Amino acid sequence: MGTTARGPAADRRRRTAKPVGAAEFVPPDADLDTVRAAAAGCRGCDLYRNATQTVFGEGPANASVVMVGEQPGDQEDTQGQPFVGPAGRLLDRALDEAGFDRTGVYLTNAVKHFKFTERGKRRIHKQPSRTEVVACSAWLATELELVTPDLVVCLGAVAAKAVLGPSATVGELRGQVVERPDYRITATVHPSSVLRAPDRKTAYTEFLDDLCHIRDVARR
Ligand code: URA
Ligand code: SF4
């Protein structure tokens, strides 16, 4: 039996240790459903410990557009599906208003477990670290490999950095299209930022404008 090191130094080592990462949990040569099932058992970083379940991407396996969020929220964590909480409802409404064909859209997140802090009975979203985004990236990479979209839409900064690297910003990508050998990439804000905006109506209009533009880009 191994013994667990104790004390402040050991705690520090554990906190700063590099996570093993999702890659070793990804089954080789598998289809999307098999990969999704494997993700349920991921222990690639510590986020699985406090979360309820892995929230994998959802949508048609042959979608031409993949939209990438940050991480599941409180409701996504309990229901096991991406974008089913308040931000998801706003995204749904905007996608419908923008005239997106939902049969062509796959929704997922950069990080597949909910990271939060507890405040009383409430679980407050906490932004995943770069280390956690990198640890989880093998799931997103596998989703993109299997879905083979034409266009990847990053929703917010965490998604943009997950897809394009740590120097990517939404400010620079908004309205732009980056060409990559396998797909094109663009970005807009995260729907949660619309919910938090002081002027929600204007923020929503701008978000909707972005999605209308992205819908046109997707048709090209
Ligand atoms: N925010 C995200 O980024 N993803 C979700 O699934 C829900 C909220
Ligand atoms: Fe695995 Fe990602 Fe969950 Fe970490 S957040 S345990 S890497 S699925």
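This text goes through a predicted model, beginning with the surroundings of ligand 2 and ending with one residue of helix H9.

Ligand 2 takes up the space of the largest cavity. Around ligand 2 stand Cys42, Gly44, Cys45, Leu47 and Tyr48, then Val111, Lys112 and His113, and finally Ala135, Cys136 and Trp139. By character, this shell splits into 8 nonpolar residues, 2 polar ones and 1 charged one.

Helix H9 is the next element. Helix H9 covers residues 200–219, which makes 20 residues. From the first C-alpha to the last, helix H9 reaches 28 Å, close to the 28 Å expected at 1.5 Å a residue.

Several residues of H9 are buried: Ala203, Tyr204, Phe207, Leu208, Asp210, Leu211, Ile214, Arg215 and Val217. In an α-helix there are 3.6 residues a turn, so residues three or four places apart point the same way. The cover over the buried residues of H9 includes three strands, E1 (65–69), E5 (151–155) and E7 (184–188). Helices H4 (86–97) and H8 (191–196) are also among the elements that cover them.

Leucine 211 lies in helix H9 and serves as a single example. Leucine 211 counts as buried because its relative accessibility is 0%, and buried means under 20%. Leaving out residues up to four places away in sequence, leucine 211 touches Met67, Leu91, Ala94, Leu95, Ala98, Phe100 and Thr188. Aspartate 96 is 115 residues from leucine 211 in sequence, yet the two C-alpha atoms are 10.0 Å apart in space.

Key. Residues are numbered from 1 along each chain as its sequence is written. Chains are lettered from A and ligands numbered from 1 in the order in which they are written. This is a predicted model: local features need pLDDT of at least 70, side-chain atom pairs count only at pLDDT 80 or more; totals for chains, interfaces and linings use all residues. Side-chain values use heavy atoms; hydrogens and water are left out. A residue is near a molecule or strand if one of its heavy atoms lies within 4 Å of it. On a 1 Å grid over the protein atoms alone, a cavity is a set of points where a 1.4 Å probe fits but cannot get out, and a pocket is an open set with protein on both sides within 12 Å along at least five of seven lines; lining residues have an atom within 4 Å of a point. A molecule sits in a cavity or pocket if more than half of its atoms lie within 2 Å of its grid points. Ala, Val, Leu, Ile, Met, Phe, Trp, Tyr, Cys and Pro count as nonpolar, Asp, Glu, Lys and Arg as charged, and the others, Gly among them, as polar. Helices (H or I, at least four residues) and strands (E, at least two) are DSSP runs, numbered from the N terminus. The expected span of a helix is 1.5 Å times one less than its number of residues. Buried means under 20% relative accessible area, exposed over 50%, partly exposed in between (1.4 Å probe, protein chains only). Contact means heavy atoms within 4.5 Å.
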